[in-house]
Amino acid sequence: MLKPRQDLVPNTFEFETVPLVKPTGFREYDARWILEKEINLLGIQALGLALATYVHENGIQPRIVVGHDFRSYSSTVKHALIIGLMEGGMEVLDVGLALSPVAYFGQFALEAPCVAMVTASHNENGWTGVKMGTNPPITFGPEEIGRLKEIVLSGTGVTRPGGRLERVENFREQYLQEVVGDIKITRPLKVVCATGNGTAGAFAPEALRRMGVEVIEMDAELDYTFPKYNPNPEDHAMLVQMAQRVKETGADLALGFDGDGDRCGVVDETGEEIFADKIGLLLARDLSAIHPNATFVVDVKSTGLYKTDEVLKANGATTVYWKTGHSYIKRKTAELGALAGFEKSGHFFLADPIGRGYDDGLVAAAAVLQMLDRNPGKSLSQLKTALPDAWTSLTMSPHCDDEIKYDVLAKVVAEYEKLGAEGGSILGRKIVEVITVNGARVHLEDGSWVLVRASSNKPELVVVVESMRSEDDMRALFREEVKPRLAAHPEVGAYNQEI
């Protein structure tokens with residue numbers, strides 16, 4: 001294959017004969033591009049060849065599960081990827097239209113060490129990407145992505161004989177049986193199932209019904225134009241619609257799933273969203289009672305309550321804060337033998353004996369339903385109210401170009417480190433710790449904190465704040481501290497949403 005270029009444009013001879021691959025598409029733990037603007041189909045083929053090359057040079061069995069999410073172009077992208085994989089001598093098992101966790105499950109069920117799931121997850125239409133792994137349940141991190149990037153951009157993919165393709169029919173049913181298992185919710189529960197017209201609509205309603213709850217489908221029809229909102233249960237637009245449907249139907253809760261079904265968002269019976277880090281804390285309380293002395297891994301965007309929660313302490317639980325990103329938390333959960341990992345974006349990593357350790361929105365939904373089943377006299381809002389007070393913001397993302405976002409972040413981190421080293425304060429509270437494992441998480445003396453990090457998959461920075469005082473104080477931490485600090489950097493643009 002020819003060495004990829006970065007300067008090609010559609011409707012030219014070169015665009016049809018030479019791979020286009022922009023280096024910025026190689027993220028920290030997966031790959032994402034705007035199709036035709038940043039990568040063409042030959043570029044996708046080059047990625048497949050590079051992945052096959054990586055597999056062979058590391059002595060891994062060249063057997064791989066592939067699937068694709070529900071977008072107008074995802075099947076085409078997958079077929080280009082398959083050509084590259086086969087060109088590199090891989091045995092390809094195509095499970096068809098799938099959620100990311102369906103493909104991950106395929107690694108176990110089909111005895112294939114490798115996976116390549118074509119999905120842009122919750123990114124808007126126009127984006128495409130691939131989530132990859134060669135050691136289930138772990139997916140690629142910076143080291144593996146870095147080597148893959150090197151092979152692709154240098155055009156050093158190696159062609160080999162032996163490539164073949166096998167279509168795996170009816171794998172959806174096998175996955176549903178795995179997710180549902182022997183779960184049977186005995187408590188009468190009415191559940192809104194929101195999928196934003198994305199891939200999860202073909203899986204989630206059926207799975208929840210088999211678990212024994214009454215399902216109210218919401219935007220479950222497949223429509224890759226995403227006519228109402230982007231399927232992302234962390235976005236305000238989707239959460240508002242979920243809350244409205246709960247109030248209209250008198251449902252006990254709403255469960256929302258993102259574009260590739262590896263994340264789950266929750267709204268309680270009052271119409272209030274419960275961010276995934278708080279759901280994780282509720283699950284940690286519930287599960288640590290059944291599994292004493294358990295270890296949990298949470299990302300740096302998550303609430304500080306894990307450190308101070310008396311129920312977790314009483315159950316002997318240990319919590320480790322780690323880098324944000326599904327690959328990082330998944331890897332750390334496996335490395336520590338943790339019972340579960342939780343990420344504020346809605347990724348839940350439930351390990352043996354609950355799940356297989358990878359992020360699966362439906363396994364997370366089942367855990368929430370089972371928690372409610374074990375607390376028959378309490379609503380979800382009552383379980384949430386039992387948590388200590390903490391006011392956590394939405395995840396807010398100001399635009400910052402991929403080429404410069406890490407440089408901008410480095411300046412912001414340095415500012416916070418200097419402020420902390422000099423005994424500085426934020427809104428009258430002394431800085432007690434600046435955690436820099438993933439951006440800057442700045443802890444204040446009353447337990448409140450602010451976080452600024454770089455998005456791993458979009459040209460954005462990420463901002464989260466949490467107050468232990470009040471909702472007004474939480475807003476002030478953003479409006480009076482983080483927003484003006486970032487505004488001092490002209491490279492930082494408009495926010496996707498603000499509190």
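**Exercise 1. Find where Phe 226 sits in the chain, and say what stands out about its backbone and whether it is buried or exposed.**

*Step 1.* Phe 226 is found in the loop between strand 8 (214-218) and helix 8 (236-249). Helices (H or I, at least four residues) and strands (E, at least two) are DSSP runs, numbered from the N terminus.

*Step 2.* A word on the material: this is a predicted model, in which local features need pLDDT of at least 70, side-chain atom pairs count only at pLDDT 80 or more, and totals for chains, interfaces and linings use all residues. Residues are numbered from 1 along each chain as its sequence is written, and side-chain values use heavy atoms, with hydrogens and water left out.

*Step 3.* Now look at the backbone. Phe 226 is not a glycine, yet its phi is positive, at about 45°. Most residues other than glycine have a negative phi, and most peptide bonds are trans.

*Step 4.* With a relative accessible area of 10%, Phe 226 is buried. Buried means under 20% relative accessible area, exposed over 50%, and partly exposed in between (1.4 Å probe, protein chains only).

**Exercise 2. Do the same for Asn 293: which loop holds it, and is it buried or exposed?**

*Step 1.* Asn 293 lies in the loop between helix 9 (276-290) and strand 12 (295-299).

*Step 2.* Its phi is positive too, at about 65°, although Asn 293 is not a glycine.

*Step 3.* Asn 293 counts as exposed because its relative accessibility is 59%.

**Exercise 3. Locate the cis peptide bonds that lead into Pro 137 and Pro 353.**

*Step 1.* The bond from Pro 136 to Pro 137 is cis, with omega near 5°. Pro 137 has its place in the loop between strand 5 (127-133) and helix 5 (142-154).

*Step 2.* The bond from Asp 352 to Pro 353 is cis as well, with omega near 10°. Pro 353 belongs to the loop between strand 15 (348-350) and helix 13.

**Exercise 4. Describe the largest nonpolar core: how many residues does it have, and which helix gives the largest share?**

*Step 1.* Start with the term. A nonpolar core is a set of buried Ala, Val, Leu, Ile, Met, Phe, Trp, Tyr and Cys residues joined through side-chain atoms within 4.5 Å.

*Step 2.* The largest one has 74 residues, and Leu 208, Met 211, Leu 255 and Leu 369 have the most contacts inside it. Helix 13 (residues 361-373) supplies the largest share, 10 residues.

*Step 3.* Zoom in on Met 211. Not counting residues up to four places away in sequence, Met 211 touches Val 179, Val 180, Ile 183, Lys 184, Ile 185, Leu 362, Ala 366 and Leu 369. Contact here means heavy atoms within 4.5 Å.

*Step 4.* There is also a second, separate core of 34 residues, which includes Ala 31, Leu 51, Ile 64 and Ala 80.

**Exercise 5. How many disulfides does the whole structure hold, and how far is the sulfur of Cys 193 from that of Cys 264?**

*Step 1.* A disulfide is a pair of cysteine sulfur atoms within 2.5 Å. Searching the whole structure gives 0 disulfides.

*Step 2.* For Cys 193, the nearest cysteine sulfur is that of Cys 264, 8.9 Å away.

*Step 3.* Cys 193 is buried, with a relative accessible area of 0%. Cys 264 also counts as buried, at 2% relative accessibility.

**Exercise 6. Work out what lines the largest pocket and the largest cavity.**

*Step 1.* On a 1 Å grid over the protein atoms alone, a cavity is a set of points where a 1.4 Å probe fits but cannot get out, and a pocket is an open set with protein on both sides within 12 Å along at least five of seven lines; lining residues have an atom within 4 Å of a point. Grid points are joined across faces, edges and corners, and a volume is the space filled by probe spheres set on the points.

*Step 2.* The largest pocket holds about 590 Å³ of space. Its lining has 22 residues, and Glu 272, Glu 273, Phe 275, Trp 391 and Thr 392 are the closest to its centre. Helix 16 gives the most to this lining, with 3 residues.

*Step 3.* The largest cavity has a volume of about 100 Å³. Of the 13 residues that line this cavity, Pro 233, Glu 234, Gly 265, Phe 275 and Ala 276 lie nearest its centre. Strand 10 provides the largest share of the cavity lining, 3 residues.
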